[in-house]
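Reader: I have a model open and a few questions about its pockets and cores. Can we go through them briskly?

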Amino acid sequence: MPPISFPSDPPAPLRLGVCYYPEQWPKARWREDARAMRALGLGTVRIAEFAWSRMEPAPGQFDWAWLDEAIDVLAGEGLSVVLGTPTAAPPQWLVEAHPDVLPVGADGRVKPFGARRHYCFSSPSLAEATRRIVTAMARRYGGHPAVVAWQTDNEYGCHDTTLSYSPAALAAFRRWLRARYETVERMNEAWGTAFWGLQFLSFEQVGFPVGQPTSPLPAHALDFRRFASDEVVRYNRLQVELIRAHAPGRPVLHNFMGLFAEFDHHACGADLDIAAWDSYPLGHVDTAATFLTEAERQQWARTGHPDLTAFHHDLYRGIGRGRMWVMEQQAGPVNWADWNALPLPGMVRAWTWEAFAHGAELVSYFRWRQLPFGQEQMHSGLNRPDGALDDGGREAAQVGAEIGRLLAAGDAASLAMRPAAVALVMDYPSLWMAQIQPQGKDMAGFGPMLAYYGALRRLGLDVDIVAPDASLAGYALVVLPGTLHLDEALVERLRASTAVVVAGPRTGSKTDRLAIAEPLPPGPLREWLAVRVRAVESMRPGRTLAIDAGEHGHGVGVQWRDLIELDAGNAAGAQEVRVLARYEDGAPAWLARGRFHLHAGHVDADLLLRWVDAAAREAGLSPLAPEALAPGLRLRRRGQWLFAIHRGPQPAVVPVPQGAIPLLGGATLPPGGVGIWHLSD
C-alpha cells in the first residue's frame, strides 16, 4: 500500500476526493470502485456519515465488520479516508426508545423518523447516544493509518432543523436565559417587555417566540436564535472532544452549507481544525430568489453565479482560520432545487479550479455513483447508476491530470495563501436581526454582503471574509456591508486600524438587544462620521430613486435608504463630512469623513462598483478598471498563482499581468474556461 500522509504533515495542495457509501452497494463492487477512484485521480474518500443503524443495530451492540472491510479495501488501493460520525441519521430504535430525540416544528408537530436530521440538538437522550457511538468509533478507528480526518455529523441545521420547539429545547432555553440574565428583571429590561405589558414573572413563564397573534418581542426572538446557535456549537463540541481524545493528530472538520446562516458558523468553526462546505453552484442559484432576480437566475442557471460560490470559499477559509475543504462538490444536476439544471460543459472542472484558487486544500465530489433508489436517486454523481463514467467524472479526471502536470512543473510552496488587502466583515447575529426585523420584505439574507463582495471581485480584488472579532491589522480596506450591531471590541479594532472603512446601509443601527442604537445610527460610527440617521425607508421592488455621484457617475437607489442628517452636536466634525452623492430629493446617498465612508442605501450594481472602486483607490490599492473584466470573468490569486474562471456567455480576454508565465489555458477563455499563470512576484 502506498504511504499515507498523516494530518500533522504540511497539507498537500490540490487534492481530489469523493463521497462514497459502501453500505449502499454490494461488497463485491467495493474493490472495483476503489481501483476506479484511484485510476480517476482521486485520493481521499469520505464515508459513513449516515450509517449509524449499520454500526449500532441495537443499543450498545456494534457491528464494525463491514466498516473495517470497507476502510481496508479503500486503504488497499492507497486511498485516504475521511470518517464521518453518523449522527445526522439516528436509528429508528433510538427514536422509538427516546422520542425526545425528535425535533418539533414551530407548528408544534413532531418531525418523525423516515428521512434524516430527525433530531433536536437539546435532547439529553441524543447527547447520551451520540457520546456512545462517537466514542466507540473514535476508539476503533482513531489510530487507523488510512483515517486521516474526521467529519462531525453532516450539514448541521439542514432541512430547517436548527430551531426545535420541543420540551427539551424549551427547558434548555430557560436555563440559557437564567445563565445569561441571572434575574428575570434583567431579562425584562433587556427585552423591553414594558411594551404591550409583556413582563415575565419567572424564567419558567418564558415560551417560544412563535405562534403569537403578531410578531414576538424582537429581543425574545433574537435570544432564541442565539440559544439555538449555542446548542449547535455545544453539540459539535461534544463530538470534537470525543474524537480528539481517541484520534489524536487527526484534524476534525464539519461540512457547512451554502446560503445558510441559522447558527453562528464562526463560533462552531472555532472548535474545528478545518472548515469544509458543500458546494452546489447551480442549486444555490436556483434557491437564491431573495437577492438574485429571475433574469440573473436564468443567466447563471448552468454555470453558477460568478460570485456566489467564491463568496462561500472565502467565508469558510476564514472560518477555518486558513484551512478550507470542499467536502461535497456538485458534479452534475442535483435533486433538491425547484429546477435542476445540467451544468454547462466544463463547469465541473471550472468549479474545482475555482475552489483551489480560493484556498481549498481538497475538493471532494458528491458522489461516486448516482444511486438508483432513495430520496436522492435523481442526484447525479461522477458515475451513472449503471457504472458508466458521467460528464462530471470525465471533468474530474481532467482536473486530476492537470494537477499532476502543474505540480510536477511548478513549486507547490508557491501556492501558499496570503492575506488579502481587503476584509469583509460577516456577522451572523446581524443576519438574524435582519430576519427578525427586516423592515423591508427583501432585506434579510445574504444579498447586501454579496453585492459588496461582487463589486470587490469585479475590480479584481481578493477578499478575506472575517468574523467581527477578527484582527483587522494589515488590511488596507475594511467593508461592513450590513453589520447591524457593532460591539465595542469591533469598534476598538476599527480605531486601531489604519484601513479605509466602507459601511453599508443599516450599519450600527441596532444594539445587541435588537433595539435602535444609542446614539442614533450609525451608532458607534458617529465617532468618525458626525452624522445620524433620522429615518429609514424601504422601497418596493421596481421603485428607484435617481442618484447623482458627480465624477463617480449616476445610478439609482433601490430597496433601502437611510435618511442622513449632520450631527448638530458635533459641529466641527459635521463640517468635515463630504457628501459625495445625493438622491434626487437632495438626501445624501454617499458620505465620507477622513478614512470612513458611509453608503446611505442600496444602489444598482454598476454604481456600487464605482463607489467601491473609489474607496479602494483611496486605500492605496490598484483595482482593475470597472470595465476590465468581461461579464462572468473573475480572477483570484493564490500565492504566486493567478487563476481566471470564466462563466460569461462569450469568450473573454483575461488582463494577464506582464511577465506572467502561462500554466493552464490561455489569455482568451471560452465560457466555462480556466486559465492559470505563475507570477514572478
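Reader: Which element gives the most to the lining of the second largest pocket?

Author: This is a predicted model, where local features need pLDDT of at least 70, side-chain atom pairs count only at pLDDT 80 or more, and totals for chains, interfaces and linings use all residues. Residues are numbered from 1 along each chain as its sequence is written, and side-chain values use heavy atoms, leaving out hydrogens and water. A pocket is an open set of points on a 1 Å grid over the protein atoms alone, where a 1.4 Å probe fits, with protein on both sides within 12 Å along at least five of seven lines; lining residues have an atom within 4 Å of a point. With 8 residues, the top contributor is α16, a helix (DSSP run of H or I, at least four residues).

Reader: Which residues are the closest to the centre of the second largest pocket?

Author: The lining counts 43 residues. Those closest to the centre are Phe291, Leu292, Glu296, Ala451 and Ala605.

Reader: How many residues in that lining are charged?

Author: Asp, Glu, Lys and Arg count as charged; Ala, Val, Leu, Ile, Met, Phe, Trp, Tyr, Cys and Pro as nonpolar; the others, Gly among them, as polar. The lining has 23 nonpolar and 12 polar residues. The charged ones number 8.

Reader: Is valine 148 buried or exposed?

Author: Valine 148 sits in strand β4, residues 147–151 (strand: DSSP run of E, at least two). Buried means under 20% relative accessible area, exposed over 50%, partly exposed in between, with a 1.4 Å probe and protein chains only. At 9% relative accessibility, valine 148 is therefore buried.
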